[in-house]
Amino acid sequence: MPDAIYLRTLLGNAKDIAILGANDTPGRPVDRVGRYLLDRGYTVWPVHPARRTAWGLTVFPDLASLPGPVDIVDVFRAPQYCPEHAREVLALPWRPKIFWMQSGIASPEARKLLEATGVAVVEDACLMVEHARLLGNAADNKHKVG
């Protein structure tokens, strides 16, 4: 995982976050994280191949369908799918600053693929928990750093 200062800067300057495996079913970790990020002023882009909406937002079937670049790809998918998502990121005309695999999710193969291109990789850590730890409860786009 990137060091805390670097991660704080990346999180603080991020605006757009794609959530792979988006699902707004109450009680699910992905729902809590998605709502937390929206409440903190981030633009959230839900990504799921079968869902149509999440958090009142249009869901995109894959990263290539997003209307533009995002700063963070937050992954709520099982570890075996992460290398394919890393390759999906590498096929895009842009790169996120962070490929974030949530708590319980790690993939050495995905990390190796992405770190070689300068994308920071976080494994087995909750974006909501790390955001609160590093940036507090900043809201309304006041999460900017630097």
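**Notes on the sheet, the salt bridges and Glu123**

1. Aspartate 24 has a relative accessibility of 19% and counts as buried, where buried means under 20% relative accessible area, exposed means over 50%, and partly exposed lies in between (1.4 Å probe, protein chains only). A word on the ground rules: this is a predicted model, in which local features need pLDDT of at least 70 and side-chain atom pairs count only at pLDDT 80 or more, while totals for chains, interfaces and linings use all residues. Residues are numbered from 1 along each chain as its sequence is written, and side-chain values use heavy atoms, with hydrogens and water left out.

2. The partner of aspartate 24 comes next. A salt bridge here is a side-chain nitrogen of Lys or Arg within 4 Å of a carboxyl oxygen of Asp or Glu. Helices (H or I, at least four residues) and strands (E, at least two) are DSSP runs, numbered from the N terminus. Aspartate 24 is in a salt bridge with arginine 51, and their closest N and O atoms are 2.9 Å apart. The two residues tie together distant parts of the chain, 27 residues apart: aspartate 24 sits in the loop between β1 (16-20) and α2 (29-39), and arginine 51 in the loop between β2 and β3 (53-54). Unlike buried aspartate 24, arginine 51 is partly exposed, at a relative accessible area of 24%.

3. How many salt bridges does a search of the whole structure find? There are seven, and some of them form a network that links Glu84, Arg87 and Glu109. Glutamate 84 meets arginine 87 through their side chains at 3.5 Å, N to O. These two are three residues apart in helix α3 (residues 82-90), so about one helical turn separates them. Arginine 87 also bridges to glutamate 109, at 3.2 Å from N to O. That second pair spans 22 residues and joins distant parts of the chain, from helix α3 to helix α4 (residues 108-115). Each member of the network is partly exposed: glutamate 84 at 49%, arginine 87 at 37% and glutamate 109 at 44%.

4. Now the sheet. Two strands pair if DSSP finds at least two bridges between them. Five strands form an open sheet with parallel pairing, in the order β2-β1-β5-β6-β7. Why is one side of β2 (43-47) and of β7 (120-122) left without a neighbour in the sheet? Both stand at the edges and have a single partner strand each. From one strand to the next, the twist averages 20°; axes are lines fitted to C-alpha atoms, for helices over the stretch in contact, and angles run from 0 to 180 degrees between N-to-C directions.

5. Contact means heavy atoms within 4.5 Å. Within the sheet, β5 (residues 72-75) and β6 (residues 98-101) pair in parallel over four bridges, and isoleucine 72 faces isoleucine 98 of β6. Helix α1 (residues 4-13) packs on the sheet, where it touches β5, β6 and β7, and its direction is at about 105° to that of β6.

6. Finally, have a look at glutamate 123, in the loop between β7 and α5 (127-135). Is glutamate 123 buried or exposed? With 19% relative accessibility, it counts as buried. Beyond its neighbours within four places in sequence, glutamate 123 is in contact with residues including Met101, Ile105 and Arg111. Its side chain makes a polar contact of 2.6 Å with that of arginine 111. (A polar contact is a pair of N or O atoms within 3.5 Å; within protein, one must be able to donate a hydrogen and the other to accept it, and residues adjacent in sequence count only if both atoms are side-chain atoms.)
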